[in-house]
Amino acid sequence: MPDDHSTILKFGGRVEFVVRVTESLDLQQQSPQQCPSTRFGRRFGSGSFVKLTFSKEALEKLKKQPNGLLNFVQQPIIIVGRVFRAYSTRDSNVFYVWTNEVSPDTEKIRQWLWKDPFPQALSFLDFIRWHNPLEYNQHQVTCVYG
C-alpha cells in the first residue's frame, strides 16, 4: 500500500485532504482521497486545501450554542505549521485554504522538517482577490470593497 506522500505525487492536484470534527469537537485527519481536478488544485496544489466535515453530533452541539458553528469555523486550522482559513461552504462541509500566516510553531517546523525555504502561500485576501475579485461585483455578500 502506498504511503500518503506517493499518493500525492501520483495524483498531483487531484487529492483531497479531509479533517472530520468529532462529537467531542476534536479534529481528526482522514486518509487522503482522490478527487476530480479543480481550478484551485491545479493552481495551488492539493496540499493548499483542507475540507472540514462534521459528524451529526458535532453539528447539533455547535448549533445549540449562540454563533457556535460560525465561531468554530472562524478559527484557523494549523497542520504542520501551515495556517488554513475557511473560505467557502457546501453541503455541510467547510473548505479551508493555506494562507501565509505564521503559527507559533512554523519556524521550528521549518527548521526541523524542511531544509529548503518554506513554500510561500498567498494571504487570505490575495486568494479571495484571485478567486473572485470583489471590485467586479460590489453587491455580493462577501464584498466590503470601496
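Reader: Why is Gly41 called buried?
Author: Its relative accessible area is 5%. Buried means under 20%, exposed means over 50% and partly exposed lies in between, using a 1.4 Å probe and protein chains only, so Gly41 with its 5% counts as buried.

Reader: Before we go on, what kind of model is this?
Author: This is a predicted model, in which local features need pLDDT of at least 70 and side-chain atom pairs count only at pLDDT 80 or more, while totals for chains, interfaces and linings use all residues. Residues are numbered from 1 along each chain as its sequence is written, and side-chain values use heavy atoms, with hydrogens and water left out.

Reader: Where is Gly41 found, and what does Gly41 touch?
Author: Gly41 is found in helix 2. Helices and strands here are DSSP runs numbered from the N terminus (H or I and at least four residues for a helix, E and at least two for a strand). Leaving out residues up to four places away in sequence, Gly41 touches Gly13, Ser46 and Phe49; a contact means heavy atoms within 4.5 Å. Gly13 and Gly41 are 28 residues apart in sequence, yet their C-alpha atoms are 4.4 Å apart in space.

Reader: What makes Phe40 and Trp130 a tilted aromatic pair?
Author: Rings of Phe, Tyr and Trp (its six-membered ring) pair if their centres lie within 6.5 Å; planes under 30 degrees apart count as stacked, over 60 as edge-to-face and the rest as tilted. Here the centres are 5.8 Å apart and the planes make 50°, which gives a tilted pair. Phe40 lies in helix 2 (residues 39-44) and Trp130 in helix 6 (residues 124-131), so the pair ties together parts that are 90 residues apart in sequence. Phe40 is buried at 15% relative accessible area, whereas Trp130 is partly exposed at 28%.

Reader: How do you know that Phe49 and Phe127 also form a tilted pair?
Author: The two ring centres are 6.1 Å apart and the planes are at 55°, which fits the tilted class. Phe49 lies in strand 5 and Phe127 in helix 6, so this pair ties together parts that are 78 residues apart in sequence. Phe49 counts as buried at 13% relative accessibility, and Phe127 is buried at 2%.

Reader: How many aromatic pairs does the structure hold, and which residues form the aromatic cluster with Phe40?
Author: The structure holds 12 aromatic pairs. Phe40 shares one cluster with Phe44, Phe49, Tyr87, Phe127 and Trp130.

Reader: Why is Arg39 said to sit over the ring of Trp130?
Author: A charge sits over a ring if NZ of Lys or CZ of Arg is within 6 Å of the ring centre and within 35 degrees of the ring normal. The charged end of Arg39 is 4.5 Å from the centre of the Trp130 ring and counts as sitting over it. Arg82 likewise lies over the face of Trp98, at 3.8 Å from the ring centre.

Reader: What makes a group of residues a nonpolar core?
Author: A nonpolar core is a set of buried Ala, Val, Leu, Ile, Met, Phe, Trp, Tyr and Cys residues joined through side-chain atoms within 4.5 Å. The largest one has 15 residues, and those with the most contacts inside it are Leu52, Phe54, Phe84, Val94 and Tyr96. Strand 2 (18-21), strand 5 (49-54), helix 3 (56-64) and strand 8 (93-102) each supply at least two of its residues. Apart from this core lies another, of 7 residues, among them Phe44, Phe127, Ile128 and Leu134. In soluble globular proteins, nonpolar side chains tend to be buried together.

Reader: How do you know which strands of the sheet are its edges?
Author: Two strands pair if DSSP finds at least two bridges between them. The open sheet has 6 strands in the order 3-2-5-8-7-6, with mixed pairing. Strand 3 (27-29) and strand 6 are the edge strands, each pairing on one side only. Strand 2 and strand 5 pair in the parallel sense over 4 bridges, and Val21 stands opposite Phe54 of strand 5.

Reader: Why is Asn67 called exposed, and what is notable about its phi?
Author: Asn67 has 53% relative accessibility, so it counts as exposed. Its phi is near 55°, a positive value in a residue other than glycine. Asn67 is found in the loop between helix 3 and helix 4 (68-74).

Reader: And why is Val80 called partly exposed?
Author: At 43% relative accessibility, Val80 falls in the partly exposed class. Val80 is found in the loop between strand 6 (77-79) and strand 7 (82-90), and has a positive phi of about 45° although it is not a glycine.
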